[in-house]
Amino acid sequence: MKFISKYIFEIGAILLVIASYFLTRIYNIMSLPIFTDEAIYTRWAQIAYNDSAWRFISLTDGKQPSFIWLQLVMLRFFEDPLLAGRMVSVFTGFGTLTGVFLLTQILFKNRNLSILASLRYVIFPFALVYDKMALYDSAVAMFSVWSLFFSVLLVRKLRLDVALVLG
């Protein structure tokens, strides 16, 4: 109980940032018209979902299959394939938000600055748009932030496990 009372401001601010992230991303998520690339990726996910021989269909266009595979998982929870793809972007954007918080924390060792950086990500226009669309960009941003995080961590603490995760 002492822990909660000691860090009540930080906990409240973090919960507020998380709530505002999901509110800004999920509210009217289907109000955007479908984008051409969204339709292509959604169709690839539907094909791969129905025929396991086509799980690598995205490689025909030179795209990595990880985003399509994440859409396959979401297709189990949502009937609308476009909504499933857009939810993948929402969750990978949340991974980016978490990565921004932890990267700022490891670089500056200041929780308030980490919260501020996370809040800035929530209102960042690129993220506001691309975290709502079923595109690769949100996942690429997440992997970029986490790669930077593990690179900084590897420089600070030269350890084999960090190197393996980074690789």
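What follows is a conversation between two colleagues about a predicted model of an all-helical chain.

Colleague: Happy to look at this with you! What makes up the secondary structure of the protein?

Modeller: Gladly. In this predicted model, the secondary structure comes to 9 helices and 0 strands. Read along the sequence, the pattern is α-α-α-α-α-α-α-α-α. The C-alpha atoms fill a box of roughly 50 × 40 × 30 Å along the principal axes.

Colleague: And how much of the protein is buried?

Modeller: Buried residues make up 38% of the 167 residues. As for contacts between residues at least 6 apart in sequence, 66% of them join residues at least 24 apart.

Colleague: Let's turn to the helix pairs. Why are α2 and α5 called roughly antiparallel?

Modeller: Helix α2 (residues 8–26) and α5 pack at an angle of about 150°. Angles over 145 degrees count as roughly antiparallel, and therefore α2 and α5 get that description. Their axes are 11 Å apart, and α2 passes α5 in a right-handed crossing.

Colleague: Which residues make that contact?

Modeller: From α2 come Ile14, Val17, Ile18, Tyr21, Phe22, Arg25 and Ile26. On the α5 side, the list includes Met87, Val90, Phe91, Phe94, Leu97 and Phe101. By class, the contact of α2 with α5 has 12 nonpolar, 2 polar and 1 charged residues.

Colleague: How do you know how α5 and α6 run relative to each other?

Modeller: The reasoning is like that for the previous pair. The angle between α5 and α6 is about 150°, the cut-off is 145 degrees, and α5 and α6 are therefore roughly antiparallel. Here the axes lie 8 Å apart, and the crossing is right-handed. Residues of α5 including Gly93, Thr96, Leu97 and Phe108 meet residues of α6 (111–123), among them Arg111, Leu113, Ala117 and Tyr121. The contact of α5 with α6 divides into 9 nonpolar, 6 polar and 1 charged residues.

Colleague: What makes α5 and α8 parallel or antiparallel?

Modeller: Those two pack at an angle of about 25°, with their axes 8 Å apart. Angles under 35 degrees count as roughly parallel, so α5 is roughly parallel to α8. The crossing of α5 and α8 is left-handed. Among the α5 residues in the contact are Ser89, Thr92, Gly95, Gly99 and Leu103, while α8 brings, among others, Ser138, Met142, Trp146, Phe149 and Arg156. By class, the contact of α5 with α8 has 14 nonpolar, 8 polar and 1 charged residues.

Colleague: You named Ser138 there. Why does Ser138 count as buried?

Modeller: Buried means under 20% relative accessible area. Ser138, in helix α8, has 2% relative accessibility and so counts as buried. Leaving aside residues up to four places away in sequence, Ser138 touches Ser89, Thr92, Gly93, Thr96, Tyr130 and Asp131. Ser138 and Gly95 are 43 residues apart in sequence, with their C-alpha atoms 9.3 Å apart.

Colleague: What about Ile40: why is Ile40 called partly exposed?

Modeller: Partly exposed falls between the 20% and 50% cut-offs. Ile40, in helix α3, has a relative accessible area of 33%, so Ile40 is partly exposed. The C-alpha atoms of Ile40 and Leu83, 43 residues apart along the chain, are separated by 14 Å.

Colleague: How do you know that the buried residues of α4 line one face of the helix?

Modeller: In α4 (residues 66–75), Phe67, Ile68, Gln71, Leu72, Met74 and Leu75 are buried. Seen down the axis of α4, those buried residues fall within an arc of 165°, so they line one face. An α-helix has 3.6 residues a turn, so residues three or four places apart point the same way. What covers the buried residues of α4 includes α3 (36–50), α5 (81–108) and α8 (137–156).

Colleague: One last thing: what is phi in Asn28 and Lys109?

Modeller: Most residues other than glycine have a negative phi. Asn28 has a positive phi, near 55°, and Lys109 has a positive phi of about 55° although it is not a glycine. Asn28 sits in the loop between α2 and α3, and Lys109 in the loop between α5 and α6.

Colleague: And are Asn28 and Lys109 exposed or partly exposed?

Modeller: Over 50% counts as exposed. Lys109 has a relative accessible area of 59%, so Lys109 is exposed. Asn28, at 42%, is partly exposed.

Key:
Residues are numbered from 1 along each chain as its sequence is written. This is a predicted model: local features need pLDDT of at least 70, side-chain atom pairs count only at pLDDT 80 or more; totals for chains, interfaces and linings use all residues. Side-chain values use heavy atoms; hydrogens and water are left out. Buried means under 20% relative accessible area, exposed over 50%, partly exposed in between (1.4 Å probe, protein chains only). Helices (H or I, at least four residues) and strands (E, at least two) are DSSP runs, numbered from the N terminus. The arc is that of the directions from the helix axis to the C-beta atoms. Contact means heavy atoms within 4.5 Å. Axes are lines fitted to C-alpha atoms, for helices over the stretch in contact, and angles run from 0 to 180 degrees between N-to-C directions. Angles under 35 degrees count as roughly parallel, over 145 as roughly antiparallel, 65 to 115 as roughly perpendicular and the rest as oblique. A crossing is left-handed if the near helix is turned anticlockwise from the far one by less than a right angle, and right-handed if clockwise. Ala, Val, Leu, Ile, Met, Phe, Trp, Tyr, Cys and Pro count as nonpolar, Asp, Glu, Lys and Arg as charged, and the others, Gly among them, as polar.
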